[in-house]
Structure formats: C-alpha cells, structure tokens
Amino acid sequence: MAYQVIARKWRPQTFDEVVFQEHVSKTLRNSILSGRVSHAYLFSGPRGVGKTTLARILAKALNCKEGPTDHPCGVCDNCLEITKGTSFDVIEIDAASNNGIDHIRELRENVNFAPIRSKYKIYIIDEVHMVTTPAFNALLKTLEEPPPHIVFIFATTEYHKIPETILSRCQKFFFKKIPVETIAAHLQHIAETEGYKIPDNAIYSIARAADGAMRDAQSLLEQVISFSNKGEAVEISLDDVLTTLGILPFESHASLLKAVADGDTRALFDEIEKIYATGADIARYTDGFIGSLRTIRLIKNGVSVKGLLGLSDSEGRLFTDTAGLFSDEELSRMFRVAAELQNDIRYSANAGINLEMALLDMLHIKQSPSLSEILKKLGEAPAGQQEQAAAAPPPPKAQAAQPKAEAQLQKAPQPQEAEPETQSSSAVEKIRDTFYGEIIEKGEE
Ligand SMILES: [Zn+2]
C-alpha cells in the first residue's frame with residue numbers, strides 16, 4: 001500500500017466533509033450564498049487541521065462551472081483541475097520554499113491578467129508569515145486596490161507574524177486543534193470503511209499522538225496499517241500501534257502504580273525492565289507517566305476527565321481503578337516526586353536510574369502512614385499516651401513491606417524513624433516536623 005494513500009483518499013472535497021472546523025466552513029458557505037466574496041481570506045491555526053484543504057474547497061466553490069456555489073460539483077474540469085493541483089487559475093505558493101518569494105514578486109505583474117478559464121484567479125499562499133517585508137509591501141499594493149477577479153487565500157501557523165496592514169485587509173478565520181475524541185471517531189470510521197478492525201485503545205493512542213492534527217492522525221494510521229499488514233489479516237492490535245508509534249500504553253503506567261500500591265518491588269522492577277526492553281525514551285515515558293498521575297488525581301477529586309483528556313472507555317476504567325488504590329494526599333506527594341524526576345532527567349546521564357529512585361520514593365510514600373492518619377491516631381489516644389503514640393514504630397503494613405524491598409534492592413529507602421522525645425516540643429509538632437522534613441529530604445534527593 002503506497003504511503004499516505006489514506007490521507008489523500010480521505011482529504012475532504014466538500015464543505016460537509018471537513019471535520020470539526022464547522023465555524024469556518026459555515027461562514028464561508030454563507031458568504032458565497034449571499035454573494036459577498038472577499039478579496040482576501042486569512043486562515044490561521046495549528047498545522048494539519050485543514051487550512052489548505054478548506055482553501056482548495058473554497059477555490060472550487062468559487063470557480064466551479066456551477067458556481068459560485070457552496071456545493072462545488074467536483075466533476076467539472078475546473079473542480080477536477082483544482083483537486084489535481086493543475087488549474088491555471090488557482091495558483092498555490094508555498095512561501096516557506098525558496099522560490100516562494102520570487103513567486104510573490106511575479107504575482108504583482110500577473111494579478112492584472114484575467115483568469116483563463118474561470119471566474120476568479122485565486123492565489124493560495126501557504127505559510128504566508130514567511131513572506132519577507134519587501135514582498136509583503138508588494139502584496140499590500142495589490143490588496144489595497146485588488147482587481148475584481150482576484151482572490152487571495154493566505155494560510156499561516158503564526159498569525160502574530162503577519163503585518164497589521166495585511167491583517168486589516170483580510171477576512172480572518174481561526175482554525176482549532178481537533179479534539180482527541182473527534183479524531184478517534186473519524187479514524188475509526190476510516191478504518192472500518194477501509195476494512196480494518198482496530199481496538200478503541202489503539203485508535204485513541206493514534207489520535208492522542210496526532211496532537212490535534214487530522215492530517216498527522218491519518219498518516220499515523222497509514223503507517224500502522226502498513227506495519228501490521230499481514231496478507232489477509234485486517235485486525236490491528238494495540239501492540240502494533242504502540243510499536244509503530246514507539247510509545248507505551250497507559251497500562252504500563254497503571255502496572256507501575258499497582259506495584260507501588262502493593263509495595264511489590266519485584267513487580268515494580270519487572271515493569272521497569274519491560275520499559276527498558278522496549279527502548280522507550282525515559283524522558284518521554286516520564287512525561288506520559290506524569291500525565292497519568294494527573295489524570296488519576298483529577299478522577300480522585302471527582303473531575304470528569306474523559307472528554308478533557310481524550311480517553312477510551314476502557315482507559316477511563318483503568319484510571320478509575322488505579323485512583324482507588326491511593327489517597328489524594330498520597331497522589332499529591334507522588335506527583336511532586338514525579339515532577340522532580342522530570343526536572344532531574346534533563347541533567348541526568350542515566351535517566352533510568354532517576355526513574356527507579358523516584359518510583360521507590362513513591363513506594364515509600366505509599367508505605368508510610370499519612371499525616372492525616374497520624375493526627376487521627378493522636379486524636380484518638382488519651383492525652384497521657386500521645387507522646388508514646390508519636391514515638392511508636394510505623395504500622396505493620398510498612399514493616400511487612402520493608403524486608404521485601406530490601407530483598408529486591410540492597411539500598412531501599414528506609415522509613416524515617418521518629419527522633420527521641422525532647423521536653424520542649426509536643427508530640428503533634430514532632431510528628432509534623434518529621435513528616436515535612438521527610439518530604440523536603442525526598443525533594444532534595
Ligand atoms: Zn465543478
């Protein structure tokens with residue numbers, strides 16, 4: 001299968017087919033229907049969200065033999081030539097390429113010639129922010145007094161770099177990043193139509209990796225299909241997708257956190273070995289892991305994350321289950337350890353070691369009694385016994401986990417023991433100092 005077949009085949013050819021940018025296509029259609037065609041349009045927004053695609057549809061709508069129409073026929077010579085990029089009257093210029101600027105210099109002379117076979121002569125200038133100041137000045141002269149048959153469609157990812165003098169003469173449209181759920185639904189539709197079966201988790205992994213760009217999402221889907229194309233097989237697994245994209249699934253984060261919750265250092269290091277074995281970039285993995293911690297804490301605090309973060313149903317369930325393993329206080333402390341890890345990795349010669357140490361810190365946080373637990377215990381104890389309670393060893397849960405941790409790692413972090421009592425401080429203050437002292441110490445490791 002030739003590369004990018006999907007992206008080309010599924011490129012929208014009508015306003016109706018454009019995914020998510022309805023606020024743009026609706027306004028464009030209305031202006032065509034009411035006969036208010038502008039001489040200059042500016043499409044601005046992130047890459048891969050449909051700017052050039054809509055520019056070509058607009059060109060067809062204006063130059064279709066049936067047009068101007070909001071439903072270009074797609075089959076007349078003008079429409080076909082625009083689709084193929086061979087129309088004499090629709091000139092596409094990439095301002096980022098070397099000859100882009102030369103084209104714009106030529107443009108000023110050529111705009112005065114009438115279109116050859118269509119109603120309008122349309123210039124689609126992509127990456128228009130790359131146009132140099134002298135070239136912008138040349139454009140401006142044309143924009144001030146445009147010949148009636150001329151339409152400019154400018155596209156840019158960097159709106160702020162366009163001179164105000166140009167902006168003020170354009171009808172402006174702002175394209176948005178496409179939400180994960182919208183991309184996922186569209187990819188699933190493409191996959192089904194093309195005869196492939198892909199599980200939801202895999203589709204969502206592709207959709208998230210595309211970062212709001214449908215074009216990227218389709219290219220990634222194409223790669224995944226090429227990778228997993230095994231003769232007649234039309235089923236594509238999550239593993240196929242993750243291998244192609246070079247990412248690890250949320251399941252990996254969940255396994256680490258389960259091991260942390262269970263105090264199971266063996267399971268923890270088994271999962272770390274798996275991460276190493278995939279050759280994953282630890283910094284990138286850590287970014288994803290922090291994202292998962294955030295998701296879990298939001299769930300813990302009752303925030304509805306499904307739409308916010310773009311999760312499939314099964315991913316949502318996995319995160320909810322994991323959130324049930326921790327208290328909010330634990331998640332808060334673990335997040336701080338993870339944020340520190342993210343920072344440390346930037347200066348580390350061996351990021352894997354930083355990851356291991358941070359995970360052991362998290363395991364230790366989980367095994368230590370929380371501040372609220374200690375205060376509750378102190379509150380329950382009769383006044384005379386409070387000092388004793390403070391000096392008491394950690395609960396059996398922490399003790400049970402400790403020998404196991406030592407068996408796995410010779411130098412596992414020890415839960416900090418309470419200092420001997422002094423006359424001056426109360427038991428509660430003592431515990432609080434010990435607790436926060438420990439956090440600070442962790443932070444500095
Ligand atoms: Zn047509």
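This passage describes a parallel sheet and a helix pair in a predicted model.

The sheet is open and consists of 5 strands in the order 2-3-4-1-5, paired in parallel. Its edges are formed by strand 2 (90-94) and strand 5 (171-174); each of these has a single partner strand, so one side of each is left without a neighbour in the sheet. On average, and with direction ignored, neighbouring strands are turned by 15 degrees against each other.

Strand 1, which spans residues 40-44, runs parallel to strand 5 and is joined to strand 5 by 4 bridges. Within this pairing, phenylalanine 43 lies opposite phenylalanine 173 of strand 5. Helix 6 (residues 133-144) packs on the sheet, where it touches strand 1 and strand 4 (150-156). The direction of helix 6 makes about 135 degrees with that of strand 4.

A helix-helix contact was also examined. Helix 14 (residues 282-300) packs against helix 18 (residues 351-367) at an angle of about 25 degrees, and the two axes are 10 Å apart. Helix 14 is therefore roughly parallel to helix 18, the cut-off for this class being an angle under 35 degrees. The crossing of helix 14 past helix 18 is left-handed.

On the side of helix 14, the contact is made by Ile282, Thr286, Phe289 and Leu293; these meet Ala351, Gly352, Leu355, Leu359 and Met362 of helix 18. Classified by residue type, the contact between helix 14 and helix 18 comprises 7 nonpolar and 2 polar residues, with no charged residues.

Definitions and conventions: Residues numbered from 1 in each chain as written. Predicted model: local features only at pLDDT ≥ 70, side-chain atom pairs only at ≥ 80, totals over all residues. Heavy atoms only, no water. Pairing = 2+ DSSP bridges. Helix = DSSP H or I, 4+ residues; strand = E, 2+ residues; numbered from the N terminus. Axes fitted to C-alpha atoms, helices over the stretch in contact; angles between N-to-C directions. Contact = heavy atoms within 4.5 Å. Parallel < 35°, antiparallel > 145°, perpendicular 65-115°, else oblique. Left-handed = near helix turned anticlockwise from the far one by under 90°. Nonpolar A, V, L, I, M, F, W, Y, C, P; charged D, E, K, R; others polar.
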